[in-house]
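Work through the exercises below with the structure in view. Try each task before reading its solution.

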Amino acid sequence: MALQEHNYWLTTAKFPKMEVTRPPQRVDVAVIGAGFTGLSAARTLAKRGAKVAVLESETIGWGASSRNGGMVLTGMKLGVNKLIAMYGRELTQRMYAASLATIDCVEQIVREEAIECEFSRCGHLEVACKQKHFDDYARQAEVIAREFNHQLRVVQRNELSAEIGSTIYHGGMVDEVSAGVNPAQYVAGLGRAALSAGAGIFEHTRVEGLQRESRQGEAGWKVVTSRGPLWAREVFVGTSGYTGRATPALQKKLIPIGSFIITTEVLPEALARELSPRNRMIYDSKNYLYYYRLTPDRRMLFGGRAAFFPENDQTIRSSAEILRSGMIDVYPQLRDAKVEYIWGGTLDFAFDIMPHAGQIDGIYYAVGYAGHGVAMATYQGQKIAELISGDKPENPFVGIPFPGAPLGLYSGKPWFLPFAGMWYKFLDWVS
């Protein structure tokens, strides 16, 4: 099979068939974005009786929600000591507890909605690219056990063959709570669940502008779309790396970064077992990292920041050979394996590399997942929906400082990404 510039996950999933229609003139909540965040919110809101319109410029799950590695991970991008220094112990404890609850949230939705998406509590393995990184694992595990009552297992280098069929790493750390999923099947199932709950989903409906507008004495929003306007009492934005000009205050706080993935042909069972004996979700300790796993049909899926720019034809093609070379460095056993798929997607990073949720200029939002979006996006969609409904859910990511670029030198176009890429490569070299 020749290499295809196509998302492998989409070949495995069946999405709801949607008629192209105009959204209703009036709703309780307009949700922008039909990915994990928006669909989770829509499902929760509709189950609580709200009239919901999900407005999607492309199709259900078109963005990062179907393009990722399917890793349902605990924790956050920043290390726990860094988090404690930034937020203090009490708030960091609540954040870490929330990160564990995100996995339960996904599992509960999969079970309640009977979503067939290969969800599995297989755990994740972080592997140390340098001895210095491995030495830090023991300190991390001790802090997490003491402060958060959560157990991680540090794996010495001489024991690592039980976890991974690669000899290049200095050791690892396992979290048994993390899971794997087929993300395209999961987001398609979330879409069906939102529809079943009574939400309306309107594909190919781009939001072009938001204006405050009262109707019949009730404050709300005029939502201008490519298929005509509608009025909503509340607006919730869940567009992550695809956040655009319709919400400029959010766009200026988010950096869209490309992430790219290859998948091999189906591997022999013995080889697949050698590469990943326990079928973990695996990622390495670099800033400019690689992440990889076996797909349910025994392909090696291998991803990373091969190019910092968001996906386009040029960055996808150039990423294929970079990732194949990286995969062979990790797994020389795959030197002769055919790569059959290459694709890219766009992640969103906040300037502090943290998830953020709440309200900005009166608009609800949840963004900034930094590669941990499968679980956190689902959770934040649900929690912000509960907040919109009038509840006061525990959500430690609401209200934390949400910084923009230093000196305001950013309007939403990431001109600095090549420099950021070079900086992170330098950090990996000196760390």
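**Exercise 1. List the contacts of T264, then place this residue in the fold.**

Step 1. Set aside neighbours within four places in sequence. T264 then contacts R299, M300, M327, A337, K338, V339 and E340. Contact means heavy atoms within 4.5 Å.

Before going on, note the ground rules. This is a predicted model, where local features need pLDDT of at least 70, side-chain atom pairs count only at pLDDT 80 or more, and totals for chains, interfaces and linings use all residues. Residues are numbered from 1 along each chain as its sequence is written, and side-chain values use heavy atoms, with hydrogens and water left out.

Step 2. Find the element. T264 sits in strand β12. Strands (E, at least two residues) and helices (H or I, at least four) are DSSP runs, numbered from the N terminus.

Step 3. Check exposure. T264 has a relative accessible area of 0%, so T264 is buried. Buried means under 20% relative accessible area, exposed over 50%, partly exposed in between (1.4 Å probe, protein chains only).

Step 4. Look for a polar partner. A polar atom of the T264 side chain lies 3.0 Å from the backbone nitrogen of M300.

Step 5. Find the bridge partner. In β16, T264 is matched with V339.

**Exercise 2. Describe the sheet that holds β12.**

Step 1. Read the strand order. The sheet is open, has 8 strands and runs β5-β6-β4-β13-β14-β15-β12-β16, with mixed pairing. Two strands pair if DSSP finds at least two bridges between them.

Step 2. Find the edges. β5 and β16 (339-350) each have a single partner strand, so one side of each lacks a neighbour in the sheet.

Step 3. Add the twist. From one strand to the next it averages 20°.

Step 4. Zoom in on one pair. β12 (residues 254-264) and β16 are antiparallel, over 11 bridges.

**Exercise 3. Test the length of helix α5, then find what it packs against.**

Step 1. Compute the span. Expected span is 1.5 Å times one less than the number of residues. For the 18 residues of α5 (residues 131-148) that gives 26 Å, and the end C-alpha atoms are 25 Å apart, which agrees.

Step 2. List the buried residues. They are H133, F134, Y137, Q140, A141, V143, I144, E147 and F148.

Step 3. Name the partners. These buried residues pack against α3 (80-87), α4 (89-112), β4 (124-127), β5 (153-156) and β6 (171-175).

Step 4. Look past the end. Just after α5, N149 has a positive phi of about 55°.

**Exercise 4. Do the same for helix α6.**

Step 1. Check the span. The 15 residues of α6 (residues 183-197) should span 21 Å, and the end C-alpha atoms are 21 Å apart, which agrees.

Step 2. Judge the cover. α6 is mostly covered, with 11 of its 15 residues buried.

Step 3. Name the partners. The buried residues of α6 pack against α1 (36-47), α2 (64-67), α4, β8 (200-202) and α10 (373-388).

Step 4. Inspect both ends. N182 caps the N-terminal end, with a side-chain oxygen 3.1 Å from the backbone nitrogen of A184. G198 follows α6 and has a positive phi, near 115°.

**Exercise 5. Why does C105 form no disulfide?**

Step 1. Count. The structure holds 0 disulfides. A disulfide is a pair of cysteine sulfur atoms within 2.5 Å.

Step 2. Find the distance. The closest cysteine sulfur, in C117, is 13 Å from that of C105, too far for a bond.

Step 3. Check exposure. C105 is buried, at 6% relative accessible area.

Notes. Axes are lines fitted to C-alpha atoms, for helices over the stretch in contact, and angles run from 0 to 180 degrees between N-to-C directions. A polar contact is a pair of N or O atoms within 3.5 Å; within protein, one must be able to donate a hydrogen and the other to accept it, and residues adjacent in sequence count only if both atoms are side-chain atoms.
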